[in-house]
Amino acid sequence: MAAFLSAQYAVCLRKPGLIHFRRFAVISARYSSSRTSSSADYLHQSVVPSMHYQKSLPRLPIPKLEDTIRRYLAAQKPLLDSDQFATTEKIAQDFLNGVGKELHEELVVQDKNNKHTSYISGPWFDMYLSARDSVVLNSNPFMSFNPDPKEEYNEQLVRSANMVCSAVRFMKTLRAGLLEPEVFHLNPAKSDTDSFKNFIRWVPPSLSWYGAYMVNAYPLDMSQYFRLFNSTRIPKRGGDELFSDEKGRHLLVMRKGNMYVFDVVDRDGNMVKPAEIHSHLKYILSDSTQAASFPLGILTSENRDVWAGLREKLVATGNAEALGLVDSALFCLCLDEESMRHHIHISHNMLHGDGCNRWYDKSFSIIIAKDGQAAINFEHAWGDGVAVLRFQNEVFKDTTEKPLVHPGSAPAAVDSASAVRRLQFHLDRELENGVQKAKENFDLAISKLTIDAMEFKKGGKEQLKKSKLSPDAVAQLSFQMAFLRQYGQTVATYESCSTAAFRHGRTETIRPATVHTKRCSRAFVHEPSKHSMEELRAMLNECSKYHSQLTKEAAMGQGFDRHLFALRYLAMSKGQALHSLYTDPAYAAINHNILSTSTLTSPAVSLGGFAPVVPDGFGVGYGVHDNWIGCNVSSYPARDVHEFLQCVHKSLEDIFSVLEGKPLS
C-alpha cells in the first residue's frame, strides 16, 4: 500500500486549500499530447481551454464584520422573541467590538497571505473530513437521470455501456483541456458565440476573466473538477483524507455486493472500444457468482473512526492491493438487481439502497437499476453540486444524442473472462463481524427515513415571472407557510447557494426565514380574512424582493454564515476560548436547520434528494419548472413529511389564488 500511495500523481488532501493546478496542467498536457486520441474520444473540442479563466477568477471576498453582524441579527429576528433577541443583539455587538474584530483582522491577513485560494476552502474541507458520522444520509446526496427518450436505450446493459463511454469521454475531454469552461452567461447572444470564444482564447489567462466580464459573462471556478475521477475519501481516525491517482485506467463495477475491475482506458490513453466495454459489462451482468456473504461496501456506511479501524485491519490482512484498485478506479458503477417501482423507491434506492452494492466513499457512483433507471450518488467533501451537475448534464446529452452502443449491438468477441477481474478480499472473524455490525447499523438508520414527493401543477416559473415574483422566493415562502400551518412555528431554514463565481468558492447560506416571510405566512395561514387582496399581494412582493436581495448577496459571498464559521474555526485552531456569540443558544438554534433546502432544475435530472440534517428536520429538494413545481422531501419520525407536503401544496394554491385575484378559501 505504501508504494501505491507514493505513486507520482497520487494526492492526499488534508491541509486547508491544498489544490494542485500545476499537477492538473501536467495531466492535461499528457492527455492533449496523446496524438493517438481520436475526436471520438472527446465530447467536444472547445477552442477556449477548460482552465482558461481559473487564474483570473476574482477572490472570494471576506465581508465587513459589521455587515455580517447586521445580517446575522436580521436572520435571528424572526426566530426569537423580543427578550431573546435583545440578549443576542447585546452579545453580537460585544463580539463586533472586541474578540470578533481581532479575529476578523487576523482572518484578513491570513487571506492576503493565501491568494491562491479562498478563506473558506480549507475550513470547509476540514469540516467535512473531520465529521465522524456516516456519510450515508448525513452527507451524500443523489441526483437521478431522466430516462433516455428512446425507450429501448433504457435497457440496463445498453444504458450502462453508454454511460461508461460518455463518462470516459468527459474525463478525456476535461484532462485534455478541451471541455468548454463553465461560464454563466447573462447575455448569451453576445458571449456564448464562436466569435467571442475565438477572441477570448487569445486573451492571457491572467486577464481572461475581465474579458468575459465585459460581455456580461461570469466564468465559474473549476478547481473541483479534477477530483471527479480516480478519487476516493479515505477513512482516517480523527479526520479523513481525499485521495486521487490519475494513473488509474480501470472502472470499478459493483453487482450483488461483488466488486469487479476492468480497464476502460488503454495504455496509450485512448478509450477502450465501446463494443469491448459492452462485452465486459455483459460478462459481469451474467456472472453467476452468488451475492457477497460479507459485502465490503457496507463498511463505507459506518462511523468514520470505526471504518478507519476496520480499513487498517483490511490492509493488515493482505487486502492493500485490492483496496488500492477501488480507490484509484475512475469511478464506481453500481449495477442493481431491482427494478424501480415508483419515484419514492428511486429516491430511497439512489440515496442509500441496501448498503451492500455501494462504495459511498468514491467521489461519485453511477447507479443503474435493473430497469435502466439511473442516478449519481456523490461524496460531498471534495466538492459541491456544480461539477457533478455539469458531468451529469454532459453524460445525459452524450448518451441520448450520440450513443456508442445500441440495442441489438453485438458485444466485441473478446475474452472478457480475462479482462474483467473480480476482486477477492481476505476477511478474518473480526472483519466479518465488522461487516455484520455495519449492516445492522445501516438498516437501523435507513428504517427511520421517510421520503415523499409532491407536484403542484397549477402554475410555475412562467406565471410567477409574469407576476414579477422570484420563483425561488415563492417556493421558499410556501415552505415557511407550510411549517407554520403544520407546527405553528417559524424555524431555522437553510438554502444552499453556490459561490463558484470566485476562486475556490464553495457555498454560502441564504436564510429564507425572514421577518417578511413570517408576517406574510401569518397573514395567509392564520388571518386571511383580515387582509385585502392588495395587502396580501404587497406582502408577496416584499418577500420576493427581500429574498432576491439575500440570494444576490449570498452568490456574491456576502452572507454571514461562512464568515462567522471561519472566525470560529480560526479561534478554535488557536486554542482560544469561544466568545459567547458561539455559545449563545440562539446561535445553536439558527444552525440547527430544521428546514434544509436545495433547488435543482436540469434537462438531465428528474429528481434529487438528501436526508434531513437534524433529527427533527426536513430535507427539501425542489425545482420550480415552467408550469409546475416539484418537491422531494425526507424526514425522520419526529416529523410528518406527508402532512408537510399537503401544507406546501395548500400554500402554493393560496399564493397562486392571490395572484389570480381569487379569494382564499
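Q: Why is Y213 called partly exposed?
A: In this predicted model, Y213 has a relative accessible area of 41%. Buried means under 20% and exposed means over 50%, with partly exposed in between. The value of 41% lies between these limits, so Y213 is partly exposed.

Q: What makes the pair of W209 and Y213 stacked?
A: The ring centres of W209 and Y213 are 5.1 Å apart, and rings pair if their centres lie within 6.5 Å. Their planes stand at 15°, and planes under 30 degrees apart count as stacked. The pair is therefore stacked.

Q: Why are W209 and Y213 separated by about one helical turn?
A: Both residues belong to helix α10, which covers residues 208-213. W209 and Y213 are four residues apart in that helix, so about one helical turn separates them.

Q: Why is the pair of W209 and Y210 called edge-to-face?
A: The centres of these two rings are 5.2 Å apart, and their planes meet at 90°. Planes over 60 degrees apart count as edge-to-face, so the pair receives that name. A search of the whole structure finds 23 aromatic pairs.

Q: Do W209 and Y210 count as buried or as partly exposed, and what are their values of relative accessibility?
A: W209 has 11% relative accessibility and counts as buried, because buried means under 20%. Y210, at 47%, counts as partly exposed, because this value does not go over 50%.

Q: Which residues form one aromatic cluster?
A: The cluster consists of Y72, F95, F560, Y582 and Y587.

Q: How do you know that the charged end of R506 sits over the ring of F125?
A: The charged end of R506 is 5.0 Å from the centre of the F125 ring. A charge that sits over a ring must be within 6 Å of the ring centre and within 35 degrees of the ring normal. The distance of 5.0 Å satisfies the limit of 6 Å, and the charge of R506 is reported to sit over the ring. Likewise, R639 lies over the face of Y487, at 4.4 Å from the ring centre.

Q: How do you know that C520 is in no disulfide?
A: The structure holds zero disulfides. The cysteine sulfur nearest to that of C520 belongs to C543 and is 4.1 Å away. A disulfide needs two cysteine sulfur atoms within 2.5 Å, so the distance of 4.1 Å does not qualify. C520 has a relative accessible area of 0% and is buried.

Q: Why is the sulfur of C631 too far for a bond with that of C647?
A: The sulfur of C647 is the closest cysteine sulfur to that of C631, yet it is 12 Å away. The limit is 2.5 Å, so the two sulfur atoms form no disulfide. C631 counts as buried, because its relative accessibility of 5% is under 20%.

Q: What makes β12 and β17 stand at the edges?
A: The sheet that holds these strands is open, has eight strands and follows the order β12-β8-β7-β9-β10-β11-β2-β17, with mixed pairing. β12 (421-422) and β17 (605-609) each have a single partner strand, so one side of each is left without a neighbour in the sheet. Within the sheet, β7 (residues 250-255) and β8 (residues 258-263) run antiparallel and are joined by six bridges. One bridge partnership is that of L252 with V261 in β8. Helix α11 (residues 274-285) packs on the sheet and touches β7, β8 and β9.

Q: What makes β13 and β15 the edge strands?
A: Another open sheet has six strands in the order β13-β19-β18-β16-β14-β15, with mixed pairing. β13 (450-456) and β15 (507-510) are its edge strands, since each pairs on one side only. Inside the sheet, β14 (residues 493-498) and β16 (residues 595-599) pair in the parallel sense over three bridges. Y494 has S596 in β16 as its bridge partner.

Q: How do you know that both faces of strand β5 are covered?
A: S231 and R233 are on one side of β5 (residues 231-234), T232 and I234 are on the other, and all are buried. β5 pairs with β6 (residues 241-244) in the antiparallel sense over four bridges, and R233 stands opposite L242 in β6.

How values were computed
Residues are numbered from 1 along each chain as its sequence is written. This is a predicted model: local features need pLDDT of at least 70, side-chain atom pairs count only at pLDDT 80 or more; totals for chains, interfaces and linings use all residues. Side-chain values use heavy atoms; hydrogens and water are left out. Two strands pair if DSSP finds at least two bridges between them. Helices (H or I, at least four residues) and strands (E, at least two) are DSSP runs, numbered from the N terminus. Buried means under 20% relative accessible area, exposed over 50%, partly exposed in between (1.4 Å probe, protein chains only). Rings of Phe, Tyr and Trp (its six-membered ring) pair if their centres lie within 6.5 Å; planes under 30 degrees apart count as stacked, over 60 as edge-to-face and the rest as tilted. Contact means heavy atoms within 4.5 Å. Axes are lines fitted to C-alpha atoms, for helices over the stretch in contact, and angles run from 0 to 180 degrees between N-to-C directions.
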